[in-house]
Amino acid sequence: MAFLSRLGLHECLQTLSVLQWLPVYVFLGAIPIILIPYFLMFTKFWILSVLALTWLAYDWNTHSQGGRRSAWVRNWTLWKYFQNYFPIKLVKTHDISPEHNYIIANHPHGIVSYGVFINFATEATGFSRIFPGITPSVGTLEGIFWIPIVREYVMSMGVCPVSELALKYLLTQKGSGNAVVIVVGGAAEALLCQPGASTIYLKERKGFVKLALKTGAYLVPSYSFGENEVHNQETFPEGTWIRFFQKTFQDTFKKILGLNFCTFHGRGFTRESWGFLPFNLPITTVVGEPLPIPRIKKPNKKTVDKYHALYISALRKLFDQHKVQYGFPEAQELTII
């Protein structure tokens, strides 16, 4: 741990706050996956495995029915250190009334979506103060909620499955003042992540618009400036053996886990070193003006396309209004594919 002596106290705490992702999602995930079968079949502690599986079966629908958020977890001091590491900032451009429900669509995905996590799954940037009366829920892969312990942890932060069942429940069964947060480009968009890039998957991503029409939830564009800057991604030249290996591995990973494996790097434990920590560069999530959406039980393709086009227009406007302020050149355009 000699590297810690070269860091100031606050920088050390900030670095360790980012490193917590590894033990939480690797070790907390591995413990139940490995130990539950082991205890069940090879030890006298099989009752622990039975209890864990019984609770999982009993509580199976909770993550799809609003979850079990904890204000205490969302307000951990840990998240403030995490936020200050970059730093990460949340910017409001318009008020959001608690009299309606909302789908906050975010772009770009980046490698990890640090901006979405800190701004909407924690209170580090003061979401409840900036948007009073609004309860945010961040959508992610449903497979995470099949893992004991991990599911409790992510639910406590207001994270939910990015499934129609879970999102529709939040938007129709929990009253008003709810906002589900969706990173529309998904894991596929992570492969487009490059410093200076502003390319997003959106042309054929219309499910969130259809959901908005079915529930009457207002659409809110948001863009995390700087999200693509905090890691350097390596895409090897086509035709080389290493590109063949990279692409094969990515395709296999995608089929098995539904994730895209990115070859990336950042800084090490100190600012001048090489490693996999993100660079200390600012991420600013700008939340735009809500787009009113009518509630239509069975929207047709023409209606979905109409509001999808309106959303794209609103997103472009948001990007163009703030790009220079947050690091992009005036000539930079948002590329939508």
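What is the volume of the largest cavity? In this predicted model, the largest cavity has a volume of about 40 Å³. The structure holds 1 cavity of 30 Å³ or more. Its walls are formed by Gly66, Gly67, Arg68, Arg69, Ser137, Met155, Gly158, Val159, Cys160 and Leu170. Sorted by class, this lining comprises 4 nonpolar, 4 polar and 2 charged residues.

From the cavity the description turns to the nonpolar interior. The largest nonpolar core has 40 residues, and the members that touch the most others are Trp79, Phe82, Phe86, Phe120, Phe131 and Met157. Helix α6, which spans residues 114-121, supplies the largest share of this core, with 6 residues. Another core, of 34 residues, lies apart from it, and its members include Val91, Val184, Val209 and Tyr311.

Phenylalanine 120 deserves a separate description. When neighbours within four places in sequence are left aside, phenylalanine 120 is in contact with Arg74, Leu90, Ile104, Phe127, Pro136, Val138, Val181, Thr285 and Val287.

Val209, named above among the members of the 34-residue core, is also one of the buried residues of helix α11. Of the 9 residues in α11 (residues 207-215), 7 are buried, so the helix is largely enclosed by the rest of the structure. The buried residues are Phe208, Val209, Leu211, Ala212, Leu213, Lys214 and Thr215. Which elements cover the buried residues of α11? Strands β2 (102-107), β5 (178-183) and β7 (218-225) are included in the cover, together with helices α9 (164-172) and α13 (301-322). After α11 comes glycine 216, which has a positive phi, near 75°.

Two of the covering elements, α9 and β5, are joined by a loop that contains glycine 177. Is glycine 177 buried or exposed? Its relative accessibility is 1%, and residues under 20% count as buried, so glycine 177 is classed as buried. Not counting residues up to four places away in sequence, glycine 177 touches Pro98, His100, Asn101, Gly133, Ile134 and Thr135.

The final region is a sheet that includes histidine 265, a residue of β9. Between glycine 177 and histidine 265 the separation is 88 residues in sequence and 39 Å in space, taken from C-alpha to C-alpha. The sheet is open and consists of 3 strands in the order β8-β9-β10, with antiparallel pairing. Strands β8 (232-233) and β10 (274-275) form its edges, each pairing on one side only. In general, the strands of a sheet pair through backbone hydrogen bonds, either parallel or antiparallel.

The pairing can be followed residue by residue. Strand β8 is joined to β9 (residues 264-267) by 2 bridges, the two strands running antiparallel. Asparagine 232 stands opposite histidine 265 of β9, while glutamine 233 has phenylalanine 264 as its bridge partner in β9. Strands β9 and β10 are likewise paired in the antiparallel sense over 2 bridges. Here glycine 266 stands opposite glycine 275 of β10. How many residues lie between β9 and β10 in the hairpin that they form? There are 6 residues between these two strands.

How values were computed
Residues are numbered from 1 along each chain as its sequence is written. This is a predicted model: local features need pLDDT of at least 70, side-chain atom pairs count only at pLDDT 80 or more; totals for chains, interfaces and linings use all residues. Side-chain values use heavy atoms; hydrogens and water are left out. A nonpolar core is a set of buried Ala, Val, Leu, Ile, Met, Phe, Trp, Tyr and Cys residues joined through side-chain atoms within 4.5 Å. Buried means under 20% relative accessible area, exposed over 50%, partly exposed in between (1.4 Å probe, protein chains only). Helices (H or I, at least four residues) and strands (E, at least two) are DSSP runs, numbered from the N terminus. Contact means heavy atoms within 4.5 Å. On a 1 Å grid over the protein atoms alone, a cavity is a set of points where a 1.4 Å probe fits but cannot get out, and a pocket is an open set with protein on both sides within 12 Å along at least five of seven lines; lining residues have an atom within 4 Å of a point. Grid points are joined across faces, edges and corners, and a volume is the space filled by probe spheres set on the points. Ala, Val, Leu, Ile, Met, Phe, Trp, Tyr, Cys and Pro count as nonpolar, Asp, Glu, Lys and Arg as charged, and the others, Gly among them, as polar. Two strands pair if DSSP finds at least two bridges between them.
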